[in-house]
Amino acid sequence: MSQSSPALTIENLRKEYDDVTALDGVSLTVPEGSFFGLLGPNGAGKTTFINILVGLVRKSGGTARVFGHDVEADYQQTRNAIGLAPQEFNVDRFFPIREVLEHKAGYHGIPAEEATARADEVLKQVGIYDKRDTRFDWLSGGMKRRFLLARALITDPDLLILDEPTAGVDVQLRRDLWELVTDLNDQGKTILLTTHYIEEAERLCDEVAILDSGQVRAVATPDELKNRGTDQIVVELREPPTTLPALLAGDDRVEAIDRDGHQLTVTARNGGLVAPQLVRELDGEGIEIVDLEITRTSLEEIFVEMTRHDDTADNAGDDDSDGENGGDNDTDEPLAEQQVAPDGGQR
Ligand SMILES: Nc1ncnc2c1ncn2[C@@H]1O[C@H](COP(=O)(O)OP(=O)(O)OP(=O)(O)O)[C@@H](O)[C@H]1O
């Protein structure tokens with residue numbers, strides 16, 4: 001399955017819908033085999049980005065390549081390399097789910113016999129094989145999510161795109177899905193995940209891009225992002241010293257040192273690395289420590305900080321953007337097949 005180009009090579013990608021700029025010059029590289037997270041508030045442009053990759057939306061400018069294939073010029077190769085589990089339940093609800101999978105495989109040129117075997121395999125993989133003869137709309141919410149994953153896997157894609165795969169599912173299923181997608185990644189599939197659950201990105205992703213108002217604000221590992229925030233080191237002293245010596249002098253990671261009675265609070269970046277130095281210095285001064293606690297900035301706080309808008313009007317009304325993009329919701333065909341208009345299908 002190895003392909004020599006990165007899974008995604010995106011350069012200055014732009015999308016305008018009339019007067020709305022949904023993508024404002026996005027550049028990204030997603031290496032083959034990575035588990036890559038795309039995070040952003042509502043209306044940031046995540047769905048537009050994905051829809052350009054799968055040929056549902058025509059870009060206004062820039063380039064997007066999937067394993068080296070241009071998403072527009074090499075549409076078919078691109079599409080065959082991608083399995084998409086969309087946010088919306090856009091499934092033909094009148095056929096047994098195994099048949100839906102067989103149809104989907106057929107669209108992609110998989111012979112009938114192989115399609116049935118493949119359908120069974122992916123249904124087993126996601127744990128709903130015993131529901132194979134059930135219609136989609138008779139599945140529980142959690143099974144529907146599993147089914148969308150099965151459908152994305154039917155063509156054995158090299159790039160799996162998961163658009164909020166655990167939205168609205170219970171904790172147990174969320175964990176099951178995490179395990180499943182981690183296994184798929186371990187087997188070599190590149191995964192692009194969008195999520196609103198920061199914990200999900202933190203657990204699963206090697207790298208995340210923070211998208212906001214159509215622009216990439218940062219690309220980093222979850223740990224690197226967390227290191228950009230400040231941590232708090234709270235030290236409990238046995239005896240409050242009458243005068244506090246100059247601590248951590250010249251350390252530019254330190255933003256503030258406050259003392260309140262027995263308690264010393266140091267605000268610093270990389271708190272985990274600053275703390276040992278602080279302990280050594282206090283020790284050297286003969287100041288006894290009885291307790292020390294480091295509170296790290298959460299990824300969520302960093303995310304909120306990076307995507308905070310003083311003018312919240314920016315995102316106003318975008319809460320229903322799922323709805324806008326969800327025009328596909330109740331279609332009888334898989335998302336990919338039914339919307340590829342020769343003009344690129346701007347909706
Ligand atoms: N078909 C469309 N026509 C006009 N504007 C659109 C269309 N689709 C999306 N937009 C606008 O483009 C911007 C980006 O929307 P998009 O759905 O890509 O964001 P998102 O990050 O996926 O949001 P969410 O997390 O809510 O799904 C929003 O301002 C949205 O209103």
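This report covers the domains of a predicted model and one of its sheets.

## Basis

Residue numbers start from 1 in each chain and follow the sequence as written. Because the model is predicted, local features need pLDDT of at least 70 and side-chain atom pairs count only at pLDDT 80 or more, while totals for chains, interfaces and linings use all residues.

## Domains

Domain 1 spans 8-225 + 305-338, and domain 2 spans 230-296; such bounds come from an automatic or database domain assignment. Taken over C-alpha atoms, the centres of domain 1 and domain 2 are 45 Å apart.

## Sheet and hairpin

An open sheet is built from four strands in the order 2-1-4-5, with antiparallel pairing. Strand 2 and strand 5 (69-70) are the edge strands, each pairing on one side only. Strands (E, at least two residues) and helices (H or I, at least four) are DSSP runs numbered from the N terminus, and two strands pair if DSSP finds at least two bridges between them.

Eight bridges join strand 1 (residues 8-17) to strand 2 (residues 20-30) in the antiparallel sense. Arg14 has Asp24 of strand 2 as its bridge partner, and Tyr17 lies opposite Val20 in strand 2. Two residues lie between the strands of this hairpin, where Asp18 adopts a positive phi near 45°.

## Helix on the sheet

Helix 1 (residues 46-53) packs on the sheet and touches strand 1, strand 2 and strand 4 (61-66). Contact means that C-beta atoms, placed from the backbone, lie within 7 Å. The direction of helix 1 makes about 65° with that of strand 2; axes are lines fitted to C-alpha atoms, for helices over the stretch in contact, and angles run from 0 to 180 degrees between N-to-C directions.

Technical notes
Two residues are in contact if their C-beta atoms, placed from the backbone, lie within 7 Å.
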